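Q: Before we look at any single feature, could you take me through how such a model is best read, step by step?

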Amino acid sequence: HQIRNTLKYVPEKDRKAFARDLKTIYQAANEEDGRKALDHVTAKWQDKYPRAMKRWYDNWDAICPIFKFLAEVRKVIYTTNAIESLNASYRKLNRQRSVFPSDQALLKALYLSTFEATKKWTMPLRNWGVIYGEFQIMYEGRLPD
């Protein structure tokens with residue numbers, strides 16, 4: 001969402017080049033390199049789009065923990081396709097029925113919508129073994145073996 005919110009300040013003609021430069025930030029090897037990339041991108045685009053990078057500096061404390069993870073894990077974290085798919089199925093449910101007779105009925109409808117949405121998720125994550133191993137190390141005792 002950080003990337004999407006940044007790109008809304010950039011016109012279509014520069015969006016691809018700007019997005020390519022943003023990639024150097026969140027794909028940096030560590031926090032120090034990420035901060036250098038952030039400063040470089042800001043310096044490059046500051047004259048043309050002075051407000052575009054402000055949120056990166058404002059939110060740096062929330063962004064920088066991602067650098068503790070391996071590159072494979074980071075990709076899973078910043079890829080939101082599954083989440084957006086799930087939210088779309090919830091919006092569809094809400095458009096079809098705007099009133100539910102009880103809280104229980106709403107919970108059942110959300111459960112069924114979630115169940116149907118997960119049927120579409122057939123592609124395994126690339127390097128899942130490495131990613132899961134990293135999560136087991138970082139969150140020891142919180143994940144099943």
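A: Let us begin with one side chain: Lys 48 has a relative accessible area of 45% and is therefore partly exposed, a value to be read with the caution that this is a predicted model.

Q: With which residue does Lys 48 form a salt bridge?

A: The partner of Lys 48 is Asp 14, and the closest N and O atoms of the two are 2.8 Å apart. Asp 14 belongs to helix H2 (residues 12–26), whereas Lys 48 sits in the loop between helix H3 (31–45) and helix H4 (54–58), so this salt bridge ties together parts that lie 34 residues apart in sequence.

Q: Is Asp 14 buried or exposed?

A: The general idea is to compare the relative accessible area with a cut-off, and buried means under 20%. Asp 14, at 11% relative accessibility, therefore counts as buried, while its partner Lys 48 is partly exposed.

Q: Which side chain meets that of Asp 21 in a salt bridge?

A: The side chain of Lys 44 does, with an N to O distance of 2.8 Å. Because Asp 21 lies in helix H2 and Lys 44 in helix H3, this pair ties together parts that are 23 residues apart in sequence. Asp 21 has a relative accessibility of 13% and so counts as buried.

Q: How should I read the salt bridge between Arg 35 and Asp 39, and where do these two residues lie?

A: Here the closest N and O atoms are 3.9 Å apart, and with a cut-off of 4 Å for a salt bridge the pair is therefore counted. Both residues lie in helix H3, four residues apart, which is about one turn of the helix. Arg 35 counts as partly exposed at 32% relative accessibility, and Asp 39 likewise counts as partly exposed, at 37%.

Q: How many salt bridges does a search of the whole structure find?

A: The search finds seven salt bridges, among them Asp 14 with Lys 48.

Q: What can be said about a residue such as Ser 89, which is found in helix H7?

A: Helix H7 covers residues 81–96, and Ser 89 within it counts as buried at 14% relative accessibility. If residues up to four places away in sequence are not counted, Ser 89 touches Ser 113 and Ala 117. With Ser 113 there is also a polar contact of 3.5 Å between the side chains.

Q: Into which domains is the protein divided, and how far apart are their centres?

A: The assignment gives domain 1 (1–68) and domain 2 (76–139), and their centres, taken over C-alpha atoms, are separated by 28 Å. Six residues from domain 1 and six residues from domain 2 take part in the contact.

Q: How is the size of an interface read, and what area do domain 1 and domain 2 bury between them?

A: Interface size is often expressed as the accessible area that is lost when the parts come together. Domain 1 and domain 2 bury about 440 Å² between them, and 63% of that area is on carbon and sulfur atoms. On the side of domain 1, Tyr 26, Ile 66 and Lys 68 lose the most area to domain 2, together 62% of what that side buries.

Q: Which kinds of residue make up that side of domain 1, and how many salt bridges cross the interface?

A: The residues of domain 1 that touch domain 2 divide into two nonpolar, two polar and two charged. Across the interface of domain 1 and domain 2 zero salt bridges are found, and the count of residue pairs in polar contact, with both at pLDDT 80 or more, is also zero.

Note on methods
Residues are numbered from 1 along each chain as its sequence is written. This is a predicted model: local features need pLDDT of at least 70, side-chain atom pairs count only at pLDDT 80 or more; totals for chains, interfaces and linings use all residues. Side-chain values use heavy atoms; hydrogens and water are left out. Domain bounds come from an automatic or database domain assignment. Contact means heavy atoms within 4.5 Å. Buried area is the accessible area (1.4 Å probe) that two parts lose on being put together, summed over both. A polar contact is a pair of N or O atoms within 3.5 Å; within protein, one must be able to donate a hydrogen and the other to accept it, and residues adjacent in sequence count only if both atoms are side-chain atoms. Ala, Val, Leu, Ile, Met, Phe, Trp, Tyr, Cys and Pro count as nonpolar, Asp, Glu, Lys and Arg as charged, and the others, Gly among them, as polar. Buried means under 20% relative accessible area, exposed over 50%, partly exposed in between (1.4 Å probe, protein chains only).
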